[in-house]
Amino acid sequence: MTIEKNKVVSLHYTLSDAAGEELESSREREPMTYLHGASNIIPGLETALEGRAAGERFEVTVPPEEAYGERDETNVQRIPSKHLKHAGRLAPGRVVQIQTRNGPPMQVTVVKVGRFNVDVDANHPLAGQALTFDLEITEVRDATPEEIAHGHAHGPGGVDHA
């Protein structure tokens, strides 16, 4: 069975940056499971998996525009610290939430902490980076009607956006 829209895919991956440094891996735990064609993974990875089958192992490098996008320096802003939702001490590199005016809370990374203001970066931490995935497809199956209706796979390792 090949990977196409409305198939549930289980795979192991190792994610590395452009310098070859390993950022994350599923190899020591359950495989990641997702519903293909439901925008549950980055677009470039979903495209690379299309048409593949269980048992295949391959490597793919996804450019920034097909991953988390290019960095946008206008996403680095200075805001009053009272707008941050956090417990404990603020420090550069810490991820916190800010309440936006017209939408849901948003995760940002603290860049610099001042007395009353904090510089934050709303770019995804991997924005602007080419990402290399070492992939091993472990299973491909038909999605259930419930999984299709919910837009995600159910079960171990499933992407669950309840």
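Start with F133: leaving out residues up to four places away in sequence, F133 touches T14, L15, I42, L45, F58, E59, V60 and V62. Keep in mind that this is a predicted model.

F133 also turns up among the residues with the most contacts inside the largest nonpolar core, along with L11, Y34, L45, L49 and L135. That core has 22 residues. The elements giving two or more residues to it are β1 (7-16), β3 (32-35), α1 (43-49), β4 (57-62) and β10 (131-142). Which element gives the most to this core? That would be β10, with five residues. As a general point, nonpolar side chains in soluble globular proteins tend to be buried together.

Now for the strand pairing around β10. β10 pairs with β1 in the antiparallel sense, over 10 bridges. Within that pairing, S10 has E139 in β10 as its bridge partner. β10 also runs antiparallel to β4, and six bridges join the two. Here the bridge partner of E59 is D134 in β10, and E59 is also one of the residues that F133 touches.

Next, the open sheet. Five strands make it up, in the order β5-β9-β8-β7-β6, with antiparallel pairing. Which strands stand at its edges? They are β5 (76-80) and β6 (84-85); each has a single partner strand, so one side of each is left without a neighbour in the sheet. Further in, β8 (residues 106-113) and β9 (residues 117-121) run antiparallel and are joined by four bridges. One of the pairs there is T109 with its bridge partner D121 in β9.

There's another core too, lying apart from the one F133 belongs to. This other core has nine residues, and I79, V96, I98 and V118 are among them.

The loop between β5 and β6 holds S81. Is S81 buried, partly exposed or exposed? Its relative accessibility is 26%, so S81 counts as partly exposed; the cut-off for buried is under 20%, and for exposed over 50%. Setting aside neighbours within four places in sequence, S81 is in contact with F116, N117 and V118. V118 is also one of the residues of the nine-residue core. As for G128, 47 residues away from S81 along the chain, the C-alpha atoms of the two are separated by 27 Å.

On to the pockets. Here are the two largest, by volume.

| Pocket | Volume |
|---|---|
| Largest pocket | about 300 Å³ |
| Second largest pocket | about 180 Å³ |

The largest pocket is lined by 15 residues, and Y13, L15, E24, Y68 and F133 lie nearest its centre. So F133 shows up again here, and L15 is one of the residues that F133 touches. β1 and β2 (22-25) each supply at least two residues of this lining. β1 has the largest share, three residues. By class, the lining has 11 nonpolar, two polar and two charged residues.

What lines the second largest pocket? Its lining is Q77, I79, H83, I98, Q99, T100 and R101. These divide into two nonpolar, four polar and one charged. I79 and I98 are familiar already, as residues of the nine-residue core.

Definitions and conventions: Residues are numbered from 1 along each chain as its sequence is written. This is a predicted model: local features need pLDDT of at least 70, side-chain atom pairs count only at pLDDT 80 or more; totals for chains, interfaces and linings use all residues. Side-chain values use heavy atoms; hydrogens and water are left out. A nonpolar core is a set of buried Ala, Val, Leu, Ile, Met, Phe, Trp, Tyr and Cys residues joined through side-chain atoms within 4.5 Å. Buried means under 20% relative accessible area, exposed over 50%, partly exposed in between (1.4 Å probe, protein chains only). Contact means heavy atoms within 4.5 Å. Two strands pair if DSSP finds at least two bridges between them. On a 1 Å grid over the protein atoms alone, a cavity is a set of points where a 1.4 Å probe fits but cannot get out, and a pocket is an open set with protein on both sides within 12 Å along at least five of seven lines; lining residues have an atom within 4 Å of a point. Grid points are joined across faces, edges and corners, and a volume is the space filled by probe spheres set on the points. Ala, Val, Leu, Ile, Met, Phe, Trp, Tyr, Cys and Pro count as nonpolar, Asp, Glu, Lys and Arg as charged, and the others, Gly among them, as polar.
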